[in-house]
Protein chains: 2
Amino acid sequence: MSDPIRRSTKQRAAIYDVVQQLPNFHSAQDIHAELTQRGSRVGLSTVYRALSAMANDGDVDTLLRDDGETLYRQCADSAHHHHLVCRQCGATIEVDGPTVEIWTQHIAAQHDFDDVSHTLEIFGRCPQCRAG
Amino acid sequence: MSDPIRRSTKQRAAIYDVVQQLPNFHSAQDIHAELTQRGSRVGLSTVYRALSAMANDGDVDTLLRDDGETLYRQCADSAHHHHLVCRQCGATIEVDGPTVEIWTQHIAAQHDFDDVSHTLEIFGRCPQCRAG
DNA sequence: AACGATATTGACAATCGTTTTCATTTAGGA
DNA sequence: TCCTAAATGAAAACGATTGTCAATATCGTT
Ligand SMILES: [Zn+2]
Ligand SMILES: [Zn+2]
Ligand SMILES: [Zn+2]
Ligand SMILES: [Zn+2]
């Protein structure tokens, strides 16, 4: 019933470092490629496992791409927030919307829904990409 | 360059009917199974193609599940709206949030983002499921 | 009604992200 | 050091979706 004791490994440390250092959202395979690039030979399965765990623990944010691929990112803000993401270059800005949070609560209460959560992402084209 | 002329077929009509009649969100495979159940022998590829086209034309709404599977639904409101979805039974309520719409515009403008869109879904447990 | 160009279908294979398997390795407490 | 369970990774399995392509069906034209 209780979760197994978690041991610290070279691999997880390496994965953590990469996620920490990469800007914006990246796929598990991206991160695995980056690790390989850096000479860290870590199995792809391990990368998937580590990222899932980190996301589960709330240590990293996840973003579901239109095609279903999951992207991971280490955000500055550990509290609940959302993202404004450039569709073209992936530039990501963390945004906060107290009003939206309240609104979702309202809607849920209004329909007598329980145990509420929500997903919200804003997509667009950043100034750099518009200029380029 | 121009799109090919679209011809109407038995298969697409059958798919359309099923989507029209099924409540809530369902996967392409769900819909294919329902068609088979009804005795309509339609290829799975055709179901995928038809649903993609319908979604593309804005005739049906789509919802990305956590695991990346795409769900389709025929909504009553053809205009832009969002959903309050029961995590357990899939019961879906269409909701409107003018405030949220304005807020996303604000955020985008504030960061000089262009060509803005957004995704927003609310998940929870409906009263029926709480009772059950 | 028959024709012909081409849009559509569907069985099947291929793709691709992700998960599982399981034998081997490793972390960390005794 | 020793032991046990956690962790790894190579490879296979998985599952949703897409591509292939020969056969079929639609629809404007004759
Ligand atoms: Zn950009
Ligand atoms: Zn929120
Ligand atoms: Zn429910
Ligand atoms: Zn909206």
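How far is a phosphate oxygen of DNA strand D from an N or O atom in the side chain of T46(A)? To find out, select both partners in this predicted model: the distance is 2.7 Å.

**First stop: phosphate contacts of DNA strand D**

Keep DNA strand D displayed and add R41(A), where a polar backbone atom lies 3.2 Å from a phosphate oxygen of the strand. Next, select Y48(B); an N or O atom in its side chain is 2.8 Å from a phosphate oxygen of DNA strand D.

**Second stop: the protein surface around the strand**

Now show the 21 residues around DNA strand D, of which T9(A), G43(A), T46(A), R49(A) and R7(B) come nearest. By character, the residues of this surface comprise four nonpolar, nine polar and eight charged. Colouring by secondary structure is useful here: helices α1 (10-21) and α3 (44-56) of chain A, and α3 (44-56) of chain B, each contribute at least two residues to the surface. On the DNA side, 65% of the strand D atoms within 4 Å of the protein belong to sugar or phosphate, and the rest to bases.

**Third stop: the zinc site in chain B**

Move to the zinc ion (ligand 3) and select C86(B), C89(B), C126(B) and C129(B), whose SG atoms coordinate the ion at 2.1 to 2.4 Å. The arrangement is tetrahedral because the four donor atoms subtend angles of 101 to 118 degrees around the zinc ion. Along the sequence, the donor residues follow the spacing C-x2-C-x36-C-x2-C. C86(B) lies in strand β4 (residues 82-86) and C129(B) in helix α5 (residues 127-131) of chain B, so this pair ties together parts that are 43 residues apart in sequence. Both C86(B) and C129(B) are buried.

Notes: Residues are numbered from 1 along each chain as its sequence is written. Chains are lettered from A and ligands numbered from 1 in the order in which they are written. This is a predicted model: local features need pLDDT of at least 70, side-chain atom pairs count only at pLDDT 80 or more; totals for chains, interfaces and linings use all residues. Side-chain values use heavy atoms; hydrogens and water are left out. Donors are N, O and S atoms within 2.8 Å of the metal (3.2 Å for Na, K and Ca); water is not among the atoms, so sites may look incomplete. Four donors count as tetrahedral if all angles lie between 85 and 135 degrees; four count as square planar and six as octahedral if opposite donors are over 155 degrees apart and all others between 65 and 115; anything else is irregular. Helices (H or I, at least four residues) and strands (E, at least two) are DSSP runs, numbered from the N terminus. Buried means under 20% relative accessible area, exposed over 50%, partly exposed in between (1.4 Å probe, protein chains only). A residue is near a molecule or strand if one of its heavy atoms lies within 4 Å of it. A polar contact is a pair of N or O atoms within 3.5 Å; within protein, one must be able to donate a hydrogen and the other to accept it, and residues adjacent in sequence count only if both atoms are side-chain atoms. Ala, Val, Leu, Ile, Met, Phe, Trp, Tyr, Cys and Pro count as nonpolar, Asp, Glu, Lys and Arg as charged, and the others, Gly among them, as polar.
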